[in-house]
Amino acid sequence: MSDETTTKPSSSGGEQRVVIVGAGMAGVQTAVALREQGWTGEIVLLGAEPHQPYDRPPLSKAVLLGKAEGSTLDVDFAGLGITLRLGVRVTGLRTDKRLVETATGQLPYDVLVIATGAEPITLPGSEGVPGVHLLRTLDDAVRLRPVLARQREIAVVGAGWIGAEFATAAREAGCAVTVVEAADRPLAGALPAEVAAPMAAWYEDYGARLVTGARVASVDESGLVLGDGTRLRAGAVVVGIGARPTTDWLAGSGVELAADRSVAADDRLRSSAPDVYAVGDCASFPSARYGTRLLVHHWDNALQGPRTVAANVVGSRTAADFPGAVYDPVPYFWSEQFGRFVQYAGHHSEADELVWRGDPAGAAWSVCWLREGALVALLAVGRPRDLAQGRKLIERGARLDRTRAEDPSVPLKSAVC
């Protein structure tokens, strides 16, 4: 392919080419949003996997349990004029020449969108060991499905969101499950101790064993050996100890990365390189709302961010004085685990006050985080109305009356000062 680039036309796209690297939710939604917002130029969507683009949340639920064969996204790529290239491994980026380097050649771009997502962190010493699994891709879920169907004894490393969701599915399949967590509680990296502690009982209630404060010393075909010498025998080991942005391919490109290896995007999701944007799990952005840089590894971020990218790509080419669309969402995610529907909105690390709504030993309760009296984050367990109302209150920067907010019988919106 030629490495020649074209000049910017005055139309909303003209003959220019947008290349989107990554065919997950963020990449697909960026391509769709570009067409919806008037981009008339070429759109090329590159996916590393051979499968048609799919949604990830069902992988740890319906797909894993054999209730669905897949979760393909319902998008008419041909009808939208989107060139979809699957099984393409991107190896590098030359921003000086506006070239994406792939295993099969170079691809020129006028605008580039980085949407390569995140990749699971592997357990040291587990690479290549038979019976050790990750759960991130469709192929991962397909490989794990017969393991659950055989009702084998399973060890799960990591009591985070994905570990809890997998343990739930494995118990539903009839497997004996032991979850090993290095911290002293589940969700230690996501929630403060007083909020996460009550969740430890969920494992036992669901028939799973939770072992906390335990590090894995080694792993082999028969299971795990913990740091204290304890051996846990298992027919399969599933590792869920986190994920990191898939950005190694950007080495030497000039695209600035943050300390967590995410693309350090600005508040318009632009990278440090001209006409290069980043969105989804691989991109962090500065939040004026929270006064810090956020890296959000959740589905809603991959759905919302692309609209901002598309608005800025199209707007920057249709108006010389286009101010740019700012991305500063209230982060949101949900998890289905141990018969409970858990939802979270906001960002609580800068909060100075915590308010409980309901008994955490019960089936339904919420936690509100306040900063100088204003609601900044909310966790809802079996209380979707709290979440729906709380998310809107966070967006407004609403202040709450603590006494009324503590009363779970009072609608959260009625607790506003």
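In this predicted model, strand β1, which covers residues 17–21, runs parallel to β7 and pairs with that strand over four bridges. One of the matched positions can be named: Val18 has Val111 in β7 as its bridge partner. Strand β7 also has a parallel pairing with β19, here over three bridges, and in that pairing Ile114 is matched with Ala278 of β19. Where do the side chains of β7 (residues 111–114) point, and are they buried or exposed? Val111 and Val113 point one way from the strand, whereas Leu112 and Ile114 point the other way, and all of them are buried.

An unreviewed UniProt entry lists residues 17–302 as "domain: FAD/NAD(P)-binding". Over residues 17–302 the chain is 17% helix and 29% strand, and the C-alpha atoms at the two ends lie 22 Å apart.

A separate arrangement of strands is an open sheet of three, with the order β4-β5-β6 and antiparallel pairing. Its edge strands are β4 (90–94) and β6 (105–108), each of which pairs on one side only. On average, neighbouring strands of this sheet are turned by 25° against each other, if direction is ignored. Between β4 and β5 (residues 99–102) the antiparallel pairing extends over four bridges, and Arg94 stands opposite Leu99 in β5.

The next topic is the backbone angle phi. Most residues other than glycine have a negative phi. Two residues that are not glycine nevertheless have a positive value, namely Leu269 and Phe338, and the table sets them side by side.

| Residue | Phi | Place | Relative accessible area |
|---|---|---|---|
| Leu269 | about 65° | loop between β18 (263–264) and β19 (276–278) | 2% |
| Phe338 | about 50° | loop between β22 and β23 | 3% |

Buried means a relative accessible area under 20%, so Leu269, with its 2%, counts as buried, and so does Phe338, with its 3%.

Helix α7 spans residues 384–396, which makes 13 residues, and it reaches 19 Å from its first C-alpha to its last, close to the 18 Å expected at 1.5 Å a residue. Just after α7, Gly397 takes a positive phi of about 70°.

Which residues of α7 are buried? They are Asp386, Leu387, Gln389, Gly390, Leu393 and Ile394. An α-helix has 3.6 residues a turn, so residues three or four places apart point the same way. With that in mind, the reader can follow the buried positions along the helix, from Asp386 to Gln389 and Gly390, and on to Leu393 and Ile394. What covers these buried residues includes the strands β22 (332–337), β23 (340–346), β24 (353–357), β25 (365–371) and β26 (374–381).

Among the buried residues of α7, Asp386 deserves a closer look. Because its relative accessible area is 4%, Asp386 counts as buried. Which side chains make polar contacts with the side chain of Asp386? One is the side chain of Arg357, at 3.0 Å, and another is that of Arg383, at 2.7 Å. If neighbours within four places in sequence are left aside, Asp386 is in contact with Arg357, Ser366, Leu378, Ala380 and Leu412. Arg357 therefore appears both in this list of contacts and as a polar partner of Asp386, a residue that is buried at 4% relative accessible area.

Note on methods: Residues numbered from 1 in each chain as written. Predicted model: local features only at pLDDT ≥ 70, side-chain atom pairs only at ≥ 80, totals over all residues. Heavy atoms only, no water. UniProt positions renumbered as here; feature names shortened; annotations may be inferred. Expected span 1.5 Å × (residues − 1). Buried < 20%, exposed > 50% of the residue type's maximum accessible area, 1.4 Å probe, protein only. Contact = heavy atoms within 4.5 Å. Pairing = 2+ DSSP bridges. Axes fitted to C-alpha atoms, helices over the stretch in contact; angles between N-to-C directions. Polar contact = N/O pair within 3.5 Å; in protein donor to acceptor, adjacent residues only side chain to side chain.
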